[in-house]
Amino acid sequence: EMCIRDRYLCVEPPAGDLLMSACHVLVAPEYDVRVLTVDNAPSSLAEQRKLYDFLGIGVDCLDLELEDVRCSDFKTHYRDYSYESVYMYLRAKFGTDGLNFAEQTLRDYLRKFMRLNPGYTLLAPLGAGNPFNQFVHDTVYDTASGAEYYRDFPYSYTRRGCGQIQVQCYGSESLLMKRRVDVGDMFDVKWELALRFYPSLEPTMNKYQRFIEQNPPEEIWYEGDLPF
């Protein structure tokens with residue numbers, strides 16, 4: 001009997017995000033996945049290609065000239081994390097034209113992909129706690145209906161990320177949780193793959209070790225209406 005698999009086009013901002021945030025989609029047999037990466041740092045892309053070759057997952061890359069989409073210097077420029085500060089930061093970092101071009105390129109790719117591949121659902125970051133993830137989330141949200149969103153690990157577990165999740169998810173009537181996947185039995189696989197394929201993630205993993213040890217369930221959210 002043929003198992004009907006959920007087909008996802010996963011939009012990955014910095015390489016490594018999907019593995020850390022939605023590993024179950026990459027490794028569980030019920031998902032059929034392609035990845036679109038928006039990161040174009042050569043070292044990250046090389047690591048990412050090796051991982052997805054190993055997992056047998058196809059990858060497309062947006063040809064954007066964006067430096068350092070990890071945005072680890074955000075806090076040195078802005079104290080508070082808000083929609084306004086995120087976009088001021090991104091425009092200063094990539095230039096207004098650079099950001100507009102990235103948005104248009106991502107939109108064009110997604111529209112073409114959805115036209116040529118009916119039956120796929122977009123899976124993008126919720127965008128909590130990381131400026132570039134927020135930009136990717138907003139672009140996907142404005143481009144496609146019926147997309148789903150993974151909770152960003154580790155950014156959404158920091159204090160500012162948790163605050164954003166409260167407002168964006170738990171305080172919203174239009175964003176609902178589709179599933180929360182317990183990854184207890186996947187812990188070893190997930191972090192073994194991260195260590196093996198993403199040496200560049202090691203500083204991030206060291207910095208956020210306390211969240212890794214808590215091993216939170218992976219969450220997928222979607223746009224919908226409350227059933228009452």
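What covers the buried residues of helix 6? To get there, let's start with the ground rules. This is a predicted model, in which local features need pLDDT of at least 70, side-chain atom pairs count only at pLDDT 80 or more, and totals for chains, interfaces and linings use all residues. Residues are numbered from 1 along each chain as its sequence is written, and side-chain values use heavy atoms, with hydrogens and water left out.

Now the overall picture. The protein has 11 helices and 7 strands; these are DSSP runs, numbered from the N terminus, with helices being H or I of at least four residues and strands being E of at least two. Its radius of gyration is 17 Å, close to the 17 Å that the globule rule gives for 228 residues, so the protein is as compact as a globular protein of that length. (That radius is taken over C-alpha atoms, and the rule is 2.2 Å times the number of residues to the power 0.38.) Along the principal axes, the C-alpha atoms fill a box of roughly 55 × 40 × 40 Å.

Of the 228 residues, 54% are buried, where buried means under 20% relative accessible area, exposed means over 50%, and partly exposed is in between, using a 1.4 Å probe and protein chains only. The chain also reaches across itself: among contacts between residues at least 6 apart in sequence, 79% join residues at least 24 apart. A contact here means heavy atoms within 4.5 Å. As for the outside, the accessible surface comes to about 11,400 Å², and 51% of it belongs to carbon and sulfur atoms; the areas come from the Shrake-Rupley method with a 1.4 Å probe, and for residues only the protein chains shown count as cover. There are 24 positive and 35 negative side chains, with the centres of the two sets 2 Å apart. Lys and Arg count as positive and Asp and Glu as negative, while His and the chain ends are not counted. Each charge is placed at NZ of Lys, CZ of Arg, CG of Asp or CD of Glu.

Back to helix 6, which runs over residues 96-116. With 21 residues at 1.5 Å a residue, helix 6 should span 30 Å, and its end C-alpha atoms are indeed 30 Å apart; the expected span is 1.5 Å times one less than the number of residues. Its buried residues are Leu-99, Ala-102, Thr-105, Leu-106, Arg-107, Tyr-109, Leu-110 and Phe-113. An α-helix has 3.6 residues a turn, so residues three or four places apart point the same way. The cover over these buried residues includes strand 1 (6-12), strand 2 (31-37), strand 3 (58-61), helix 5 (83-94), strand 4 (121-125) and helix 7 (131-143).

Step off helix 6 toward strand 4 and you meet Gly-119 in the loop between them. Gly-119 counts as exposed, at 59% relative accessibility. Its C-alpha atom is 6.8 Å from that of Arg-7, although the two are 112 residues apart along the chain.

Helix 5 deserves a look too. Its 12 residues should span 16 Å, and the end C-alpha atoms are 16 Å apart, in agreement. Ser-85, Val-86, Tyr-87, Tyr-89, Leu-90 and Phe-94 are its buried residues, with cover that includes helix 4 (74-77), helix 6 and helix 7. After helix 5 comes Gly-95, with a positive phi near 80 degrees.

Next, some backbone oddities. Most residues other than glycine have a negative phi, and most peptide bonds are trans. Cys-71, not a glycine, has a positive phi of about 60 degrees; it sits in the loop between strand 3 and helix 4 and counts as buried at 4% relative accessibility. Asn-215 also has a positive phi, near 45 degrees, and lies in the loop between helix 11 (209-214) and strand 7 (218-223). The bond from Phe-153 to Pro-154 is cis, with omega near 0 degrees, and Pro-154 is in the loop between strand 5 (148-150) and helix 8 (159-170).

Tyr-155 lies in the loop between strand 5 and helix 8 and is buried, at 8% relative accessible area. Leaving aside neighbours within four places in sequence, Tyr-155 has contacts that include Pro-14, Asp-17, Arg-70 and Asn-133.

Finally, which residues is Lys-190 in contact with, beyond its neighbours within four places in sequence? They are Leu-19, Met-20, Cys-23, Val-183 and Glu-218. Lys-190 lies in helix 9 (residues 187-197) and counts as buried, at 3% relative accessibility.
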